[in-house]
Amino acid sequence: MGLKRNVGLVTGLRYKGQGPMLTFVLHRIGGLGMGIFITMHILASFMGGQMGAFLNNVYENWVFQIFIFFCVLFHAINGLRITILDLFPKLIEHQREAIWIEWAVFIPTYGIAVLAIISTAMGA
Amino acid sequence: MSELKSRSLSLSQRGMNFEMLMWLFTRLSALAMYALILFGMIGALVMGARNQMNFADVMRWAFMPNVTHVQSTNVPDLAPWASTFWKLTGCALFLVAAAHGIHGLVVIADDYIKSTRGRQIARILSIIMLISISVIGLYIIWTS
């Protein structure tokens, strides 16, 4: 816990990590998004009443569903990639290819889901 | 672009500490959650979700196999969904996910909090959060 990191925010933002860095950032955003959502969801079903109903309305909103589904699906697929590469360290040499495969799985799956969410929202 | 070279150390060289164990736990719990979610999906299909629910509702059951999570879908018979077996499965998924998620929050906090004191406070808060959310979650699962 006694680590010294003297990197400021601006330096951090200027770091050009490319593809792997992008997945790192999105993984982090997805994890945070899910953490906040699921905590609110559990508290809402625990408290019920006015607050619960309000939170229900929030997560039944289609915009929110598009966001949270991005968080869940990206975190799940990227997490599986990290798990496989970390448990079989030899595979880390193929990290960039693994990230391309990841996007090839993520984009169609997420696209279909977004289409389904939007068409449901339009129909209802 | 620099070439990545794999390199693995033996466990004794790497050292066994809390961070290393949590690193491993994060990976293994990810696999466990995949297994539990798949298990929930199969369970929903066995209980007749093929003709009573759409895919979104099956996923709702898979992400939390607890009867209140499918109450508002058009399931005609809630009894098989409310068994102790599924409550235990729900507990397993919930506890694994809570530990994975809260450790993730600690990792994020460690990256952005500069002072040692601040990181210690973040750890204590995370332990309080883990205990309280576990109690609340188990209460919801077992009283529904």
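**Exercise 1. How many helices and how many strands does chain A have?**

Solution. One caution before we start: this is a predicted model. Chain A has 5 helices and 0 strands. Walking from the N terminus, you read the elements as α-α-α-α-α.

Next, check the overall dimensions. Along the principal axes, the C-alpha atoms of chain A fill a box of roughly 50 × 40 × 30 Å. The radius of gyration of chain A is 18 Å, while a compact globule of 124 residues would be near 14 Å.

Finish with burial and contacts. Just 9% of the 124 residues of chain A count as buried. Take the contacts in chain A between residues at least 6 apart in sequence: 68% of them join residues at least 24 apart.

**Exercise 2. Work out whether the length of helix 3 of chain A fits its residue count, and decide whether the helix is buried or in the open.**

Solution. Start with the count: helix 3 of chain A covers residues 49-60, which is 12 residues. At 1.5 Å a residue, the expected span is 16 Å. The end C-alpha atoms are 17 Å apart, so the two values agree.

Now look at burial. The number of buried residues among those 12 is 0, so helix 3 of chain A lies largely in the open.

**Exercise 3. Describe the fold of chain B and compare its radius of gyration with the globule rule.**

Solution. Chain B has 6 helices and 0 strands, and its pattern along the sequence is α-α-α-α-α-α. For 144 residues the globule rule gives 15 Å; chain B comes out at 20 Å, well over that, so chain B is more spread out than a compact globule.

The C-alpha trace of chain B spans about 55 × 40 × 30 Å along its principal axes. As for burial, 22% of the 144 residues of chain B count as buried.

**Exercise 4. Run the length check on helix 5 of chain B, then find what its buried residues pack against.**

Solution. Helix 5 of chain B runs over residues 84-112, 29 residues in all. At 1.5 Å a residue it should span 42 Å, and its end C-alpha atoms are 42 Å apart, which agrees.

Among the buried residues of this helix are Trp86(B), Leu93(B), Phe94(B), His100(B) and Gly104(B). The buried residues of helix 5 of chain B pack against helix 2 (18-47) of chain A, and also against helix 2 (18-52) and helix 6 (116-143) of chain B.

**Exercise 5. Which residues make up the largest nonpolar core, and which helix gives the most to it?**

Solution. First, the members: Ala44(B), Ala49(B), Met53(B), Val58(B), Trp61(B), Ala62(B), Val67(B), Val70(B), Val75(B), Trp81(B) and Trp86(B), 11 residues in all. Helix 2, helix 3 (55-63) and helix 4 (67-70) of chain B each supply at least two residues of this core. Helix 3 of chain B gives the most, with 3 residues.

Zoom in on one member. Leaving aside neighbours within four places in sequence, Val70(B) is in contact with Asp57(B), Arg60(B), Trp61(B), Val75(B) and Trp81(B). There's also a second, separate core of 9 residues, including Phe94(B), Ala98(B), Ile102(B) and Ile141(B).

**Exercise 6. Count the residues in the contact between the chains, then break down the side of chain A by helix and class.**

Solution. The contact takes 20 residues from chain A and 18 residues from chain B. On the side of chain A that touches chain B, helix 2 and helix 4 (62-87) each supply at least two residues. Helix 2 of chain A gives the most to that side, with 8 residues. By class, the side of chain A that touches chain B has 8 nonpolar, 8 polar and 4 charged residues.

How values were computed. Residues are numbered from 1 along each chain as its sequence is written. Chains are lettered from A and ligands numbered from 1 in the order in which they are written. This is a predicted model: local features need pLDDT of at least 70, side-chain atom pairs count only at pLDDT 80 or more; totals for chains, interfaces and linings use all residues. Helices (H or I, at least four residues) and strands (E, at least two) are DSSP runs, numbered from the N terminus. The expected span of a helix is 1.5 Å times one less than its number of residues. A residue is buried if 20 or more other C-beta atoms lie within 10 Å of its own, exposed if 12 or fewer, and partly exposed in between; C-beta atoms are placed from the backbone. Two residues are in contact if their C-beta atoms, placed from the backbone, lie within 7 Å. Ala, Val, Leu, Ile, Met, Phe, Trp, Tyr, Cys and Pro count as nonpolar, Asp, Glu, Lys and Arg as charged, and the others, Gly among them, as polar. The radius of gyration is taken over C-alpha atoms; the globule rule is 2.2 Å times the number of residues to the power 0.38. A nonpolar core is a set of buried Ala, Val, Leu, Ile, Met, Phe, Trp, Tyr and Cys residues joined through C-beta atoms within 7 Å.
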